[in-house]
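The following paragraphs lead through the structure shown below, beginning with a pair of helices and ending with a single residue.

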Amino acid sequence: MQTSSDTGTIRLPIGSDVDLAWVRQQVRQVAAELGFGLVQQTKLVTAVSELARNTLIHGGGGQVEMTALYRGPARGLRLAFTDSGPGIRDIDQAMTDGYTTGSGLGMGLSGAKRLVQEFSIDSSPGQGTTITVAAWATGLPHPRAEAG
Amino acid sequence: MTEPRRGAHASRVPVPALGETLLITLQGELHDSMAEQLQQDITRRIAHSPVTGVVIDISGVDIVDSFLGRVLAEIASSARLMAARTVLAGMRPAVAITLVELGLTLPGLDTVLDVERALDRLGHGLSTDPPHPRRAHHADLL
């Protein structure tokens with residue numbers, strides 16, 4: 001069940017809109033190498049763009065750690081976005097469609113969650129925020145199913 | 001001609017005009033600041049020249065996230081307030097699928113499949129200018 005190793009972890013800074021573009025490019029490249037199809041790549045990169053922007057705008061910048069996942073024949077990608085900003089006071093509220101504290105449409109977190117298979121938030125006021133997501137290249141059985 | 005993508009801080013998205021239509025081509029990675037600059041450039045052009053239509057070709061755009069979606073919707077809204085109509089052309093299938101799942105259906109935006117249809121939609125594609133070549137190729141204008 002566990003990932004075999006963390007050998008492929010790449011750490012990228014998120015400090016500007018240029019960094020956002022770079023993170024998107026890196027994620028797309030790695031996802032393509034792992035066998036993600038075009039629609040899957042697009043969904044994942046879009047989710048990454050939302051989350052990285054969240055890190056930049058609401059967290060005051062931070063970083064993302066990208067790790068390739070290998071579970072049997074399945075290939076996936078885990079991304080952990082970390083900032084040391086003010087944290088999220090009410091996670092349920094932050095995850096609501098249309099709720100926004102910034103200038104966006106309030107679709108960032110809730111929308112990003114719909115675009116990936118695994119999503120978790122670790123945050124408390126004053127403690128910063130880590131949002132971890134994972135997506136799997138389909139065409140292969142999902143990891144929740146028993147290996148065939 | 002510099003390519004507005006990748007790495008280095010690319011400057012601005014060009015805003016060329018074809019008659020009374022602005023014909024904007026977005027490609028590859030668009031930084032947030034470039035998108036916001038584009039919004040300002042378009043409204044300024046509408047204010048200072050007889051522009052009645054805006055075509056934004058996004059066939060070269062890999063992703064539209066909620067930020068870019070908001071900018072595109074705002075460009076259309078502000079253009080409309082200034083009596084110009086905006087048409088979004090050439091959204092890729094993967095982008096459309098992702099936008100729906102993201103929850104961003106951009107209801108205020110008029111969309112067509114390609115630039116030629118966008119010009120038809122705006123009514124000043126080929127009709128206003130008879131001797132114009134059969135197909136207005138946006139790439140030639142950049």
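In this predicted model, helix α4 of chain A (residues 108-115) and helix α3 of chain B (residues 93-102) have axes that come within 8 Å and cross at roughly 120 degrees. Two packed helices are described by the angle between their axes and the distance between the axes. Angles of 65 to 115 degrees count as roughly perpendicular and those over 145 as roughly antiparallel; α4(A) and α3(B) are therefore oblique to each other. On the α4(A) side, the residues that meet α3(B) are A:Gly111, A:Arg114 and A:Leu115; their counterparts in α3(B) are B:Thr98, B:Glu101 and B:Leu102. By class, this contact is made up of 2 nonpolar, 2 polar and 2 charged residues.

The contact between the two chains as a whole involves 24 residues of chain A and 20 residues of chain B. On the side of chain B that touches chain A, at least two residues each are supplied by α1 (32-48), α2 (66-81) and α3. The largest share belongs to α3(B), with 6 residues. This side of chain B has 7 nonpolar, 7 polar and 6 charged residues.

Within chain A, attention may turn to A:Val64, which is placed in strand β2 (residues 62-71). Is this residue, A:Val64, buried or exposed? A residue counts as buried if 20 or more other C-beta atoms lie within 10 Å of its own; A:Val64 has 23 such atoms and is therefore buried. Apart from its neighbours within four places in sequence, A:Val64 is in contact with A:Leu12, A:Ile14, A:Val23, A:Ala52, A:Leu79, A:Ala80 and A:Phe81. By contrast, A:Val39 lies 25 residues from A:Val64 along the chain, and their C-alpha atoms are separated by 22 Å.

Terms used. Residues are numbered from 1 along each chain as its sequence is written. Chains are lettered from A and ligands numbered from 1 in the order in which they are written. This is a predicted model: local features need pLDDT of at least 70, side-chain atom pairs count only at pLDDT 80 or more; totals for chains, interfaces and linings use all residues. Axes are lines fitted to C-alpha atoms, for helices over the stretch in contact, and angles run from 0 to 180 degrees between N-to-C directions. Helices (H or I, at least four residues) and strands (E, at least two) are DSSP runs, numbered from the N terminus. Angles under 35 degrees count as roughly parallel, over 145 as roughly antiparallel, 65 to 115 as roughly perpendicular and the rest as oblique. Two residues are in contact if their C-beta atoms, placed from the backbone, lie within 7 Å. Ala, Val, Leu, Ile, Met, Phe, Trp, Tyr, Cys and Pro count as nonpolar, Asp, Glu, Lys and Arg as charged, and the others, Gly among them, as polar. A residue is buried if 20 or more other C-beta atoms lie within 10 Å of its own, exposed if 12 or fewer, and partly exposed in between; C-beta atoms are placed from the backbone.
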